[in-house]
Amino acid sequence: MAKNLLIVESPAKAKTINKYLGKDFQVLASYGHVRDLVPKEGAVDPDRDFAMNYELIEKNEKHVDAIVKAAKQADSLYLATDLDREGEAISWHIAEILREKKLLKDKAVHRVVFSEITPRAIKEAVANPRPLSMELVNAQQARRALDYLVGFNLSPVLWRKVQRGLSAGRVQSPALRMIVEREEEIEAFIPREYWTIEADLAHPDQAFTARLFKLNNKKFEQFDLTNASDAHAARDALHKAAQGRLVVGEVQSKERKRRASAPFTTSTLQQEAARKLGYATSRTMRLAQQLYEGIAIGDEGVVGLITYMRTDSVSISDEATAELREVIVREFGRQALPEQPNTYKSKSKNAQEAHEAIRPTSAALTPKRVAAFLSPDHARLYELIWKRTVASQMQHATLNTVSVDFPCGADAAFRATGTTVIDPGFLAVYEEGRDQKAAEDEDEARKLPLMKVGEAVPLRDIITDQHFTEPPPRFSEASLVKALEEYGIGRPSTYASIIQVLLNREYVILDSRRFKPTDVGRAVGRFLAGHFARYVDYDFTARLEDELDAVSRGEEDWVPLLARFWKPFKAQIEDKIETVDKSEASGSRVLGVDPKSGKPLSVRLGRYGPFAQIGTKEDEDKPKFASLRPGQSMHTITAEEALELFKLPRTLGSNEAGEDIVIGVGRFGPFVKIGSTYASLGKEDDPYTIELPRALELVRARAELLANRTIKDFGNGIQILNGRYGPYITDGDKNARIPKDREPPSLSEAECVELLAAAPFRPKRGFGKGAKGKAASKKTSAKTTATKAPAKKAAAKKTVVKKSAAKKAPGKKTPARKSAAKKAVKRAPSARKPVETAGASEG
């Protein structure tokens with residue numbers, strides 16, 4: 001058995017590191033976090049200094065068991081989880097589990113960190129361990145507690161006041177507010193008309209255009225011409241003054257230098273991968289993780305290709321810089337290398353970010369060299385990282401910008417601008433992308449012919465163009481990440497999860513790769529902004545992040561931070577539960593009055609989405625309801641559009657049997673109904689315009705399908721049916737596949753019984769024996785750690801005992817079993833306070 005046990009987070013990393021350390025080390029993976037807060041109320045107790053109640057994560061119990069078994073045999077423990085707060089938290093949890101099992105009494109415990117998985121970095125980290133950083137652990141602890149307190153207390157308010165099943169988060173809610181406010185800006189936007197004027201010049205060497213920049217002896221501004229008549233009058237006057245040509249009045253040439261962008265941080269990598277590769281933030285982080293952990297590169301075996309991908313740093317080690325400079329000379333020539341290495345300053349002041357930017361572990365591993373061993377997605381991301389890193393150490397680009405002015409009469413002038421690249425420098429390798437292109441970008445992409453003062457250039461035409469101002473664009477993944485970073489909301493390592501949560505909860509959708517809030521998302525965003533403004537305020541969220549960073553640097557204590565947050569937050573929760581009107585909270589709108597009945601017409605948010613309503617529940621007659629059409633929003637729909645919805649159900653006619661042919665919209669979408677036969681409308685069918693022949697066609701097709709559904713019926717519940725994916729056998733409870741070598745009608749009843757008996761039982765989601773068995777297993781296998789503040793150790797112990805006793809009372813047998821199965825472990829003094837676990841924290 002190996003003398004030393006080294007723990008990392010992922011099995012891929014374990015495999016890569018194992019070959020570097022030799023037979024004296026056994027390398028095991030924790031598979032991420034090993035413990036999390038119990039998923040119930042009271043997991044964080046504000047009355048006991050925010051003591052936290054943890055349990056083992058069920059899916060990782062077997063990995064914890066393997067670590068425990070190996071720890072019994074090892075002399076030393078090396079905790080080599082990731083070098084950020086999350087990694088520190090995992091190391092702390094593993095150490096706590098082993099300590100509670102009395103496995104660390106005579107063992108040395110070392111914390112090792114490295115930002116790249118290379119033999120040199122791993123061996124150097126193991127040779128220079130440090131103690132666990134309780135500052136980072138406590139910062140993670142505070143973050144996890146805050147996220148829990150917000151989620152468990154604010155989400156029930158949304159359930160009561162907006163819609164069941166909703167949830168709110170400390171960091172996702174300000175991000176949602178940002179998207180909702182942008183949508184409201186777009187809707188409120190009123191376009192303004194303006195006109196531009198350009199001269200189309202026919203220079204013998206190259207035709208080009210010049211923009212009007214002076215009119216009536218003053219600088220020409222965007223809204224100087226706001227209608228066609230003024231624009232055309234100006235054009236005619238300019239034509240008259242020009243007399244078919246423009247003479248060069250002034251030529252200005254200015255040389256400027258452009259510096260390369262800094263190497264990638266987590267945020268800038270996510271932005272550029274979104275802009276240039278079209279990758280979602282979650283995809284970028286997944287691919288980067290795999291490049292970091294190691295990929296098999298031919299005879300070299302598994303190689304970690306990039307440094308750690310969660311970082312705010314833009315610095316590069318001296319050793320890496322030296323290698324980059326060698327590669328630049330070899331690949332691009334000595335002229336591409338600056339005299340001194342380029343340095344970049346990070347805005348971050350956090351201890352956890354005191355490591356390197358995202359860079360290749362070896363610049364010598366060029367994209368061409370490794371492309372054959374990578375998937376296309378990995379190869380594109382690696383190339384992006386390699387080029388950005390190499391470009392960051394290259395010579396600046398030297399550009400020459402030329403502006404040529406053409407007077408036109410006594411009080412007007414045109415200007416043409418172009419840029420020539422004198423020395424491309426880093427631009428030969430990489431240029432940073434932009435979310436929106438400006439006019440200057442167009443100028444930078446064009447060259448002008450050589451011209452001198454006094455030279456006459458033929459004028460082909462003067463062109464006027466009508467324009468309208470445009471609303472601000474919806475956020476893309478890149479621009480949202482940039483905005484989150486600028487406002488200080490969350491941290492780069494959490495941006496991907498923030499975005500994913502908003503998408504998973506259907507608070508936003510991606511429309512042409514831009515975020516658009518759903519009606520539910522808008523209702524949640526407006527409710528929180530209206531009633532919990534402080535907690536979705538950008539400055540408040542950013543200050544809280546700064547305070548958490550201060551905890552990570554050991555400058556602030558985490559418990560007082562939580563206390564300052566919790567007291568006013570709890571009071572506001574209690575107040576809003578009592579005072580907020582549900583109708584107002586869900587964004588309901590009264591649109592007017594139904595002209596036929598004289599009853600109020602409104603739109604509301606229901607269990608299955610937004611709907612229009614005529615009447616109220618207080619009326620003698622029941623209100624009428626109609627679902628909104630796809631693309632309609634309860635926040636923008638007009639009274640006229642809402643009244644159109646009540647034209648359904650529509651009766652198109654009747655069949656020979658006198659049954660009505662009705663078009664309606666149900667829970668599962670639009671349908672046509674004849675008697676007891678229903679047929680769904682196709683995607684191309686509009687329930688408001690569909691005509692009788694098409695409706696009959698849909699019903700006939702449905703009837704045919706139903707008629708041909710039964711292949712064979714044995715009369716005892718066992719049938720052979722045609723299904724969506726082909727024929728199958730069923731008895732109503734279980735389904736069985738039909739053997740490939742058999743025709744369905746040839747099967748006998750006995751054969752069907754045999755096939756059903758061998759088929760797996762697949763219970764409906766959330767029901768049945770399988771589901772119950774799994775739930776029961778989870779209850780009995782989970783192990784709980786109740787962490788307590790040192791000052792209240794005895795009281796906390798007493799509380800745990802009381803709870804156990806209470807659970808043994810009659811009628812509460814299941815909780816009692818759960819309590820007995822879990823092992824309560826007390827929190828150790830001061831240095832070993834509870835900590836946040838993976839996946840649950842938002843920021």
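The exercises below, each with a worked solution, concern a predicted model.

**Exercise 1. Helix α21**

Task: Check what end-to-end distance helix α21 should have, and determine where its buried and exposed residues lie.

Solution: Begin with the length, for which helix α21 covers residues 692-707, that is 16 residues, and at 1.5 Å a residue should span 22 Å. The C-alpha atoms at its two ends are 22 Å apart, which agrees with this expectation.

Next, list the buried residues of α21, which are Ala 695, Leu 698 and Val 699. Viewed down the axis of α21, these buried residues fall within an arc of 95°, so they line one face of the helix. The spacing fits a general rule: an α-helix has 3.6 residues a turn, so residues three or four places apart point the same way.

Then turn to the other side of α21, where Pro 693, Arg 700, Glu 704 and Ala 707 are exposed. Finally, ask what covers the buried residues of α21: the cover includes the strands β24 (650-654), β25 (660-666), β26 (669-674) and β27 (677-680).

**Exercise 2. The sheet around strand β22**

Task: Establish the strand order of the open sheet that contains β22, and trace how β22 pairs with β21 and with β23.

Solution: The open sheet has four strands in the order β20-β21-β22-β23, and their pairing is antiparallel. Its edge strands are β20 (589-593) and β23, each of which pairs on one side only. Direction ignored, neighbouring strands of this sheet are turned by 25° against each other on average.

Now take the pairing on one side of β22, where six bridges join β21 (residues 600-606) to β22 in the antiparallel sense. A hairpin of two residues connects β21 to β22, and Leu 605 stands opposite Pro 610 in β22.

For the pairing with β23 (residues 624-627), four bridges hold β22 and β23 in an antiparallel arrangement. Here Ile 614 has Lys 624 in β23 as its bridge partner, while Ala 612 stands opposite Ala 626 in β23.

As a last step, consider burial: five of the six residues of β22 (residues 609-614) are buried, and the strand is thus described as mostly covered.

**Exercise 3. The nonpolar cores**

Task: Identify which residues touch the most other members of the largest nonpolar core, and follow the contacts of Phe 527.

Solution: The largest nonpolar core holds 87 residues, of which Phe 527, Leu 528 and Val 672 touch the most other members. Helix α5 (residues 134-161) gives the most to this core, with ten residues.

When neighbours within four places in sequence are left aside, Phe 527 is in contact with Val 157, Leu 158, Lys 161, Val 162, Phe 532, Val 580 and Ala 585. A second core, separate from the largest one, has 64 residues, including Val 126, Ala 262, Leu 269 and Ala 288.

**Exercise 4. A loop residue**

Task: Decide whether Ile 316 counts as buried or exposed, and list its contacts.

Solution: First locate Ile 316, which sits in the loop between β14 (302-303) and α10 (318-332). Its relative accessibility is 14%, and because buried means under 20%, Ile 316 counts as buried.

Beyond neighbours within four places in sequence, Ile 316 is in contact with Pro 263, Thr 321, Leu 324, Glu 356, Arg 359, Thr 389 and Ser 392. Finally, the C-alpha atoms of Ile 316 and Thr 343 are separated by 8.3 Å, although these residues are 27 residues apart along the chain.

Notes
Residues numbered from 1 in each chain as written. Predicted model: local features only at pLDDT ≥ 70, side-chain atom pairs only at ≥ 80, totals over all residues. Heavy atoms only, no water. Expected span 1.5 Å × (residues − 1). Buried < 20%, exposed > 50% of the residue type's maximum accessible area, 1.4 Å probe, protein only. Arc of directions from axis to C-beta. Contact = heavy atoms within 4.5 Å. Pairing = 2+ DSSP bridges. Core = buried A, V, L, I, M, F, W, Y, C linked by side-chain atoms within 4.5 Å. Axes fitted to C-alpha atoms, helices over the stretch in contact; angles between N-to-C directions.
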